[in-house]
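Please look through the sequence and the 3D structure shown here, and keep both in view while reading the paragraphs that follow.

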Amino acid sequence: MVSKDFTIKNKMGLHMRPANVFVTEMTKFNSDVNIIMNGKKVNGKSIMNIMAACIKFGSEITVECDGADEADMLAKATELIESGFGED
């Protein structure tokens, strides 16, 4: 298992569009992915779970990947989150 901490820098947080981008990219991998915020763990391949987590601007999250391609998955998650999902 690999994990990394992030601070969400999208002004609107993980609203529908970035959540969809994240789920779409994560489902390309075989590993499991969880997003942990405030002690709660949600499935990173479920748009409904991500939306329900209400991940806002400035939220501190941990992305945790576990499986055969976990390192590649975490690298992709890092790229998406650190780029702000292409938003300002």
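In this predicted model, Glu-25 is one of the residues of helix H1, which covers residues 16-26. Is Glu-25 buried or exposed? With a relative accessible area of 17%, Glu-25 counts as buried, because buried means a value under 20%. The side chain of Glu-25 also makes a polar contact with the side chain of Lys-28, at 3.0 Å. When the neighbours within four places in sequence are set aside, the residues in contact with Glu-25 are Lys-76 and Leu-80.

Helix H1 also takes part in an aromatic pair, and the structure holds one such pair. The rings of Phe-22 and Phe-85 have centres 6.5 Å apart and planes at 65°, and because an angle over 60 degrees counts as edge-to-face, this pair is described in that way. Since Phe-22 belongs to helix H1 while Phe-85 belongs to the segment after H3, the pair ties together parts that lie 63 residues apart in sequence. Both Phe-22 and Phe-85 are buried.

The segment after helix H3 (70-82) is also the place of Gly-84. At a relative accessibility of 3%, Gly-84 counts as buried. Which residues does Gly-84 contact, leaving aside its neighbours within four places in sequence? They are Lys-9 and Asn-10. A separate comparison can be made with Met-73, which is eleven residues from Gly-84 in sequence, while the C-alpha atoms of the two residues are 17 Å apart in space.

The strands can be followed next, beginning with strand S2, which spans residues 32-37 and is joined by five bridges to strand S4, residues 60-66, in an antiparallel arrangement. Within this pairing, Ile-35 stands opposite Val-63 of S4. Strand S2 is also joined to strand S3, residues 40-43, by four bridges, and these two strands likewise run antiparallel. Here the bridge partner that Ile-36 has in S3 is Lys-41. S2 and S3 form a hairpin with two residues between them, and Asn-38, which is in the turn, has a positive phi of about 55°.

The cysteines can be considered in turn. A disulfide is a covalent bond between the sulfur atoms of two cysteines. How many disulfides does the structure hold? The number is zero. Cys-54, with a relative accessibility of 45%, counts as partly exposed, whereas Cys-65, at 0%, counts as buried.

With these details in place, the reader can turn to the protein as a whole. There are three helices and four strands in the protein, and from the N terminus on, the elements run in the order β-α-β-β-α-β-α. Among the contacts between residues at least 6 apart in sequence, 71% join residues that are at least 24 apart. Buried residues make up 43% of the 88 residues. The C-alpha atoms fill a box of roughly 35 × 25 × 20 Å, taken along the principal axes. For a compact globule of 88 residues, a radius of gyration near 12 Å would be expected, and the protein has 11 Å, which agrees.

Terms used
Residues numbered from 1 in each chain as written. Predicted model: local features only at pLDDT ≥ 70, side-chain atom pairs only at ≥ 80, totals over all residues. Heavy atoms only, no water. Buried < 20%, exposed > 50% of the residue type's maximum accessible area, 1.4 Å probe, protein only. Contact = heavy atoms within 4.5 Å. Polar contact = N/O pair within 3.5 Å; in protein donor to acceptor, adjacent residues only side chain to side chain. Disulfide = S-S within 2.5 Å. Phe/Tyr/Trp six-rings, centres within 6.5 Å; stacked < 30°, edge-to-face > 60°. Pairing = 2+ DSSP bridges. Rg over C-alpha atoms; globule rule 2.2 N^0.38 Å.
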